[in-house]
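Me: I have a structure open and some terms I want to pin down. Can we go through them one by one?
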Amino acid sequence: MGAELRVLRRRIRSVKSMAKITRAMELIAATRITKAQQRAAAAGPYSREITRAVSAVAGYQSTDHPLLTEAERPTRAAVLLITSDKGLAGAYTSNAIKEAESLTELLRSEGKEVLTYIVGIKGITYYTFRERPLAGSWERITEVPSYADAKEIGDALMAAFTTPTEEGGVDEIHIVSTEFVSMLSQRAAAHRVLPLEVEEVSEQELRQAHGGQALPLYEFEPSAEAVLDSLLPRYVNNRIYFALLESAASQQASRRAAMKAATDNAQELAKVLARQANAARQAEITQEISEIVGGANALADAQVGSEN
Amino acid sequence: MAKLQVELVSPERELWSGSADMVVAKTLEGSIGVMPGHVPVLGVLEPGGVVAVHTGDGTVSAAVHGGFISVADDKISILAEVAEMSDEIDVARAEQALERAQSGDTADEEVRAEIARARARLRAAGRES
């Protein structure tokens, strides 16, 4: 067998086995998306209720709570960036990093110092390789985030937020996560968590949500301030938890798409290589035939010569 | 008689939901019992407390650590950062946890919280301690 044919056959074998691997990874990611979505759906009721409770309290209170008011001159901001722990997820991590970089740029142009907190090994490696300082980092929680993880991150961020700015505390907290738009599309997006922007809901929508009635007049135990005090940190934890869950689903969706593209490419490549291998084999056969014919002719010529 | 719509949710999932006649919970100010027609209330639950939901055919109780109760229009939501339903509680493990915590430094806030949690678990499971 000719050298060219052997090389091509070897490449076909390796491309085909790679396609098998990426195909398996695609299927695994597909099942994990469903699981991640189920987890996000299970977290829905709590998320909905706590948002409702926060807007109910914040609606009554004159907003002078430290977690709701903006600092007069914000000088430092924290950015929590959620990336993945493993690669092979397409542009998932780099999109999130890009979004974080542009947010950082924006905050710097407003004269704020930026502290970066990162979730996920890929993001941590990106920053440490460039020797950029990290204020905090968490690893190996991105695929199946638990509420305890979110609480740990939330506690760290709340501690930074409640520290006075002069002692290194932050005035704002932003989250950069990847939103799950659909199975085929995920979008990196930045949101400000603190100071809280209690979503302004128009009165009409509120009425609709309560079956045509105004928001009930709550009694607070022990007091509106105390309720808000213990509600807000939990609301922040919940926002972080939700961002982690959504990012986990996005990560798997992104990985599935990347692996599907890899499988398709490998199959295409195997086809091209098979054609080249066929051509090489045919060329070899043609050459062998012409060698035999040439040899036979030469022999015949020699015999004709000797008879004379 | 009107019924209450009760939802018991933790951040990770909904633990229980259904209709009930009365809900008893302990807020920072003391126990409250909520029956249909109660005024809207938003209260902070005592750490290591027990929430008991009286349905027509029995009582559902849960140990709730760090949570809220929100009552409006006969709808009750109990939001718990950590919650365990009474039938999910491992009594032997809770007892061990209580013993372990009590042998620790009881002046330490975390140890006290641990004791309160273990007690709540045992109370929810129907074992007074």
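Reply: Yes. Keep in mind that this is a predicted model. Start with burial: buried residues make up 43% of the 129 residues in chain B.

Me: What makes a residue in chain B count as buried?
Reply: A count of neighbours. A residue is buried if 20 or more other C-beta atoms lie within 10 Å of its own. In chain B, 43% of the 129 residues are buried.

Me: How do you know how compact chain B is?
Reply: Compare two values. The radius of gyration of chain B is 15 Å, and the globule rule gives 14 Å for 129 residues. These are close, so chain B is as compact as a globular protein of that length. Its C-alpha trace spans about 50 × 25 × 25 Å along the principal axes.

Me: Why are β6(A) and β5(B) said to pair?
Reply: Pairing needs at least two bridges. β6(A) and strand β5 (residues 41–44) of chain B have 3 bridges, so they pair, in the parallel sense. In β5(B), V41(B) is the bridge partner of E219(A).

Me: What makes V176(A) and L80(A) contacts?
Reply: Contact means C-beta atoms within 7 Å. V176(A) touches L80(A) by that test, and other residues including V79(A), I82(A) and A188(A). V176(A) is also among the residues with the most contacts inside the largest nonpolar core, along with A78(A) and L80(A). That core has 102 residues. Helix α7 (residues 224–307) of chain A gives the largest share, 18 residues.

Me: Why might nonpolar residues gather in a core?
Reply: In soluble globular proteins, nonpolar side chains tend to be buried together.

Terms used
Residues numbered from 1 in each chain as written. Chains lettered and ligands numbered in written order. Predicted model: local features only at pLDDT ≥ 70, side-chain atom pairs only at ≥ 80, totals over all residues. Core = buried A, V, L, I, M, F, W, Y, C linked by C-beta atoms within 7 Å. Buried ≥ 20, exposed ≤ 12 C-beta atoms within 10 Å, placed from the backbone. Helix = DSSP H or I, 4+ residues; strand = E, 2+ residues; numbered from the N terminus. Contact = placed C-beta atoms within 7 Å. Rg over C-alpha atoms; globule rule 2.2 N^0.38 Å. Lists of a residue's contacts leave out its neighbours within four places in sequence.
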